[in-house]
Amino acid sequence: MKIKYKRIVFTIMMGTMLIGCITLSIGIPSGKNEKQKTSSEQQQNLAADTGEEVTYELEENQHPEINELVREYLGARQKCDLDALSGLVSDISHIDEDNLRKRSEYIEGYQNISCYTMKSPQDGGYLVFVYSEVKFLNINTPAPGLFSLYVTQTEDGSYVVYLGELDGDVQEFTDSAMQSEKVQNLLDTVDQKLKQAIVSDEDLRDFYQKLEESSQQSDPAKEETNTQSGDKKGEIKEP
């Protein structure tokens, strides 16, 4: 069976890893021109709403406290440590313990973690694109992947992974940011790294192929709804 590489496209979620951050393409834009037009229109709308010019600058590993939060968050997810997670997220009720345990069974850990942050219009909020290399059980080559988190600041100044419904301005910002040129370039880079890893390791290729077959057997419409936005648009939760 020929493997069909799927571009790593995602929407805002609380880091569900999308089966280890390497599959389930959702909402692929129909073309570059249309994508840029949509991003431009969203940017103009958001600027009008907030009264400020919106920029989509990505900073790589420039916020040590956010990097530490992400490392602890991934470690707690891999260990299924709900006590630790409760102090790292805004609302632990959005995390499905059974789902978390199933995923941790084949994930040994996350390596070479980098955080690309983008300042949100919300005070103390950041859109975070997390690059990591996922080490799967009994597979030598880690799988490069990218996923997104929304991080907010608490009253005491600490950061947590936000789970819940986004405000309208923040939701519009995140939608537009996903289509920005810098984020799309980052996606392209990670996509190429993933392809190279799959080509170089037969075990990883077989694992990816099984995920392909599994995704083809599921209901695409239901799968997209579950992975994109939870029960309703703008809500960040565990699917």
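# Close-up views of a predicted model

**Figure 1. A polar contact links the side chains of Ser114 and Asn61 at 3.5 Å.** The coordinates shown here and in the following views come from a predicted model. Ser114 belongs to strand S2, which spans residues 107-119. With a relative accessible area of 13%, Ser114 is buried, because this value falls under 20%. Beyond its neighbours within four places in sequence, Ser114 is in contact with Glu60, Asn61, Phe129, Val130 and Tyr131. The partner residue, Asn61, sits in the loop between strand S1 (59-60) and helix H3 (64-79). Asn61 counts as partly exposed, at 32% relative accessibility. The backbone of Asn61 has a phi near 55 degrees, a positive value in a residue other than glycine.

**Figure 2. Asn112 in strand S2 has a positive phi.** The phi of Asn112 is near 50 degrees, and the residue is not a glycine. Most residues other than glycine have a negative phi. Asn112 is exposed, its relative accessible area being 51%.

**Figure 3. Tyr106 and Phe207 form a tilted aromatic pair.** The model contains 6 aromatic pairs. In the pair formed by Tyr106 and Phe207, the ring centres are 6.1 Å apart and the planes make an angle of 55 degrees. Tyr106 lies in the loop between helix H5 (97-104) and S2, while Phe207 lies in helix H8 (residues 202-217), so the pair ties together parts that are 101 residues apart in sequence. Tyr106 is partly exposed, with a relative accessible area of 23%, whereas Phe207 is buried, at 19%. Together with Phe136, these two residues, Tyr106 and Phe207, form one aromatic cluster.

**Figure 4. Lysine residues lie over the faces of Tyr126 and Tyr131.** Lys119 is placed over the face of Tyr126, at 5.4 Å from the ring centre. Lys193 is placed over the face of Tyr131, at 4.8 Å from the ring centre. Tyr131 is also one of the residues in contact with Ser114.

**Figure 5. Lys135 is a buried residue of strand S3.** Strand S3 comprises residues 126-136. The relative accessibility of Lys135 is 15%, so the residue counts as buried. The C-alpha atoms of Lys135 and Tyr110 are separated by 6.1 Å, although the two residues are 25 residues apart along the chain. Apart from neighbours within four places in sequence, Lys135 is in contact with Tyr106, Ile107, Glu108, Gly109, Gln111, Asn140 and Pro142.

**Figure 6. Helix H7 has buried residues along one side.** H7 covers residues 181-200, 20 residues in total, and reaches 29 Å from its first C-alpha to its last, close to the 28 Å expected at 1.5 Å a residue. The buried residues of H7 include Val183, Gln184, Leu186, Leu187, Val190, Asp191, Leu194, Ala197 and Ile198. They cover an arc of only 155 degrees around the axis, which puts them on the same side of H7. On the other side of H7, the exposed residues are Glu181, Gln196, Val199 and Ser200. An α-helix has 3.6 residues a turn, so residues three or four places apart point the same way.

**Figure 7. Helix H5 carries buried residues and, on the other side, exposed ones.** Asn99, Leu100, Arg103 and Ser104 are buried in H5. Their arc around the axis is only 130 degrees, which puts them on the same side of H5. Asp98 and Lys102 are exposed on the other side of H5. At the start of the helix, a side-chain oxygen of Asp96 reaches to within 3.0 Å of the backbone nitrogen of Asp98.

**Figure 8. Helix H6 is mostly covered.** In H6, residues 168-178, 9 of the 11 residues are buried. These are Val170, Gln171, Glu172, Phe173, Thr174, Asp175, Ser176, Ala177 and Met178. For context, the protein chain has 9 helices and 7 strands, and 48% of its 239 residues count as buried. Among contacts in the protein chain with a separation of 6 or more, 69% are accounted for by residues 24 or more positions apart.

Key: Residues numbered from 1 in each chain as written. Predicted model: local features only at pLDDT ≥ 70, side-chain atom pairs only at ≥ 80, totals over all residues. Heavy atoms only, no water. Helix = DSSP H or I, 4+ residues; strand = E, 2+ residues; numbered from the N terminus. Buried < 20%, exposed > 50% of the residue type's maximum accessible area, 1.4 Å probe, protein only. Polar contact = N/O pair within 3.5 Å; in protein donor to acceptor, adjacent residues only side chain to side chain. Contact = heavy atoms within 4.5 Å. Phe/Tyr/Trp six-rings, centres within 6.5 Å; stacked < 30°, edge-to-face > 60°. Lys NZ or Arg CZ within 6 Å of the ring centre and 35° of its normal. Expected span 1.5 Å × (residues − 1). Arc of directions from axis to C-beta.
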